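Q: Please examine one part of the structure shown below in detail. I should like a connected account that goes from the overall form down to individual residues, and then sets that part in its context.

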Amino acid sequence: MEKKTRLKRERLKEGLWFSSFKAIACGVVVFLFLFLLILVVKGAGSISWEFLTQVPKEGMTRGGILPAIIGTLWLGIGSVILAFPMGVALGIYLSYYASENLFTRILRLSINNLAGTPSIVFGLFGLAVFVKALGFGVSILSGILTLGLMVLPIIVRSTEEALRAVPKEFIEASFGLGATKFQTIWHVALPTAFGWILTGVILSLSRAAGETAPILFTAASFYMTRIPSSPFSETMALPFHIYALMTEGTNPEIHTKMAFGATLVLLFMVMCLSVLAIIERQRLRKWKKW
Amino acid sequence: MISNLRFRMKRIREKTIEGLIHLFAFGAIFIVLAMLFFLFREGGVIFRVTSWKNFLFGKIWLPTYSPPQFGSLPLLWGSLMVTLGALLWSAPLGIGLAIYVAELASPKIRAILKAFIEVLAGIPSVVFGFFGMVILAPFLQSVFSIPTGLCAFNASIILGLMALPTITSFSEEAISAVPHILKEASFAMGATHWQTIKYVSIPVASGGIFCGVIMGMGRAIGETMAVLMAAGNAPIITLSFFEPIRTLTATIALEMAEAPKGSPHYHALFALGAILFIISMAFNVIADLLQERWKRKLG
């Protein structure tokens with residue numbers, strides 16, 4: 001009899017805990033929906049064809065945010081293109097060439113450190129090195145270099161993980177045919193791992209496009225009436241634009257409305273990339289079962 | 001003869017590529033060393049103007065007054081306060097969510113929740129900051145009837161949201177990695193599912209969970225845009241979460257544009273950057289060691 005009540009009590013406890021975990025999960029999902037819903041509802045009114053395709057006019061009270069959209073594309077794509085070769089090379093090194101020694105440990109620690117470094121610190125480094133010491137000035141180039149450093153660890157990690165997931169048999173078969181180590185990596189491992197590396201690239205693109213702090217002093221400018229044409233010019237960028245509208249804006253009513261619009265555009269760009277990466281991963285998981 | 005030549009060519013190519021890849025590896029270490037070097041070189045200059053004691057423990061940050069005061073304690077305090085405030089709610093929630101995802105959810109729900117967490121992690125910080133500033137601040141102001149909604153409380157909520165995905169995904173990974181035989185042994189002893197989670201899964205995964213909390217902490221303390229927009233930015237030392245505070249990161253972002261190159265103010269901001277870099281480095285090393293030890297324990 002006593003045993004039965006104890007069991008009952010345990011079951012009750014279990015039920016309570018499990019339902020609270022479930023409540024947390026539901027809460028997070030509901031919150032995220034609410035968060036996005038508020039931003040979409042409030043921002044939808046600001047979105048118009050003019051808003052997306054015009055340069056800002058009359059002290060930012062009219063016109064659109066085209067230069068900011070273009071600037072964000074420049075910065076995002078540029079930094080990923082820059083970080084890609086080095087990131088993949090490091091991924092190859094860590095998964096195929098590195099032996100477990102002090103050098104590898106230091107390298108790993110360096111990459112982890114880079115991943116954990118606050119984004120504003122990248123901004124400071126970019127200011128000291130690219131803007132000032134190398135003389136690139138406040139420009140797209142400085143911004144790309146700074147953001148490139150920031151996304152490097154993401155590409156390294158996804159490459160390394162992707163290469164490690166390549167089945168041993170593939171590698172051994174290639175060696176068995178007389179291929180050298182690099183031939184094996186180039187013709188067997190990399191093509192097999194390509195999809196996974198791609199998801200890493202997409203994620204780093206979304207990260208680079210959404211970051212503000214690293215470009216604050218290296219690339220961003222608040223008000224430009226034309227689209228940046230050269231890598232040595234300053235640029236507007238969506239995330240910085242949102243911040244600047246809220247802090248430097250002179251006409252709070254109009255500027256808050258514009259900031260809602262810009263937020264929605266940025267969210268749309270970044271979420272599309274996130275969802276693309278998630279779908280790609282699901283597809284790979286289903287498709288490739290070796 | 002020809003095949004010998006081809007073989008040698010192949011070898012040379014192989015070696016060149018290997019060398020190149022090694023070069024990249026050195027490059028990565030070089031970048032981190034260069035960051036350290038530049039931060040310390042540019043930041044170190046401030047100690048010609050003020051002593052390190054005044055800089056670290058001074059209670060007043062007035063860089064543009066004459067004479068300027070570079071006491072970074074209020075900023076450090078602000079950073080710690082919002083970070084702790086964020087972790088206080090996001091750590092238990094994140095771990096709870098991780099338990100649900102790893103142990104209770106069906107495969108389909110698990111995939112959906114993981115996708116949600118990833119989407120949450122991918123939202124740019126400036127969007128969170130904007131939300132804190134425009135939506136959350138007026139809401140807090142009217143609910144708690146405080147003079148301004150831009151305060152440590154607001155920033156803690158926003159930062160917690162940003163740390164949540166980090167904590168959840170690390171913890172989830174750790175709980176999922178608990179060997180099945182341990183759990184099955186517990187079930188065989190007649191333990192309920194919750195007892196198994198409480199006495200087997202969580203203790204075994206605790207190293208990884210702790211590691212996730214530290215990573216989330218690192219994320220929160222290094223976050224710039226969200227706190228810059230939501231925390232109110234008053235460099236004061238306070239215990240109240242309903243007062244505006246200023247963090248290290250926000251100070252750099254706010255003041256760098258106005259600090260002329262080479263001025264003490266400019267160097268002071270770099271010194272703040274160096275402090276941030278050291279803090280994040282310490283977090284990383286601790287998390288790294290923890291994970292190493294935990295993995296060894298699991299075998």
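A: The account below concerns chain B, followed by its contact with chain A and a view of chain A itself. The model is a predicted one, and the values that follow are computed from it.

Chain B contains 11 helices and 2 strands. Along the sequence these elements follow the pattern α-α-β-β-α-α-α-α-α-α-α-α-α, with the strand pair placed after two helices. The C-alpha trace of chain B extends over about 70 × 70 × 35 Å along its principal axes. Its radius of gyration is 24 Å, whereas a compact globule of 299 residues would have a value near 19 Å. Of those 299 residues, 49% are classed as buried. As for contacts in chain B with a separation of 6 or more, 72% are between residues 24 or more positions apart.

The domain division offers a further view of this chain. Domain 1 of chain B covers residues 2-48, and domain 2 covers residues 61-298. Their centres, taken over C-alpha atoms, are separated by 33 Å. The contact between them involves 6 residues of domain 1 of chain B and 9 residues of domain 2 of chain B. On the domain 1 side, that contact consists of 4 nonpolar, 1 polar and 1 charged residues.

Within chain B, three residues merit individual attention. B:Ala226 belongs to helix α9 of chain B. The threshold for a buried residue is 20 or more other C-beta atoms within 10 Å; B:Ala226 has 32 and is therefore buried. Leaving aside residues up to four places away in sequence, B:Ala226 touches B:Ser125, B:Phe128, B:Gly129, B:Gly132, B:Ile158, B:Leu159 and B:Met162. One of these partners, B:Met162, is 64 residues away from B:Ala226 along the chain, yet their C-alpha atoms are 9.1 Å apart.

The other two residues lie in loops. B:Ser145 is located in the loop between α5 and α6 (152-176) of chain B. Its phi is near 40°, a positive value although the residue is not glycine. An exposed residue has 12 or fewer other C-beta atoms within 10 Å; B:Ser145 has 8, so it is exposed. B:Asn233 likewise departs from glycine while having a positive phi, here about 65°. It occupies the loop between α9 and α10 of chain B. With 19 C-beta neighbours inside 10 Å, B:Asn233 is partly exposed, because that count lies between the two limits.

The contact with chain A comes next. It draws on 63 residues from chain B and 65 residues from chain A. On the chain B side, at least two residues come from each of α1 (2-44), α3 (73-104), α4 (107-122), α5 (125-144), α8 (193-222), α9 (225-230), α10 (248-255) and α11 (264-298). The greatest contribution is that of α1(B), with 16 residues. Sorted by class, the chain B side has 42 nonpolar, 14 polar and 7 charged residues.

The partner may be described in similar terms. Chain A has 10 helices and 2 strands, which run α-α-β-β-α-α-α-α-α-α-α-α from the N terminus. Its C-alpha trace spans about 70 × 70 × 35 Å along the principal axes. The radius of gyration of chain A is 24 Å, against a value near 19 Å for a compact globule of 290 residues. Buried residues account for 47% of chain A. Of the contacts in chain A between residues at least 6 apart in sequence, 78% connect residues at least 24 apart.

Helix α5 of chain A provides a local example. It comprises 15 residues, 119-133. At 1.5 Å a residue this helix should span 21 Å, and the 20 Å between its end C-alpha atoms agrees with that expectation. The axis of α5(A) nevertheless bends by about 35° at A:Gly126. Because 13 of its 15 residues are buried, α5(A) is largely enclosed by the rest of the structure. After α5(A) comes A:Gly135, which has a positive phi near 75°.

Definitions and conventions:
Residues are numbered from 1 along each chain as its sequence is written. Chains are lettered from A and ligands numbered from 1 in the order in which they are written. This is a predicted model: local features need pLDDT of at least 70, side-chain atom pairs count only at pLDDT 80 or more; totals for chains, interfaces and linings use all residues. Two residues are in contact if their C-beta atoms, placed from the backbone, lie within 7 Å. Helices (H or I, at least four residues) and strands (E, at least two) are DSSP runs, numbered from the N terminus. Ala, Val, Leu, Ile, Met, Phe, Trp, Tyr, Cys and Pro count as nonpolar, Asp, Glu, Lys and Arg as charged, and the others, Gly among them, as polar. The radius of gyration is taken over C-alpha atoms; the globule rule is 2.2 Å times the number of residues to the power 0.38. The expected span of a helix is 1.5 Å times one less than its number of residues. The bend at a residue is the angle between axes fitted to the seven residues ending there and the seven starting there. Domain bounds come from an automatic or database domain assignment.
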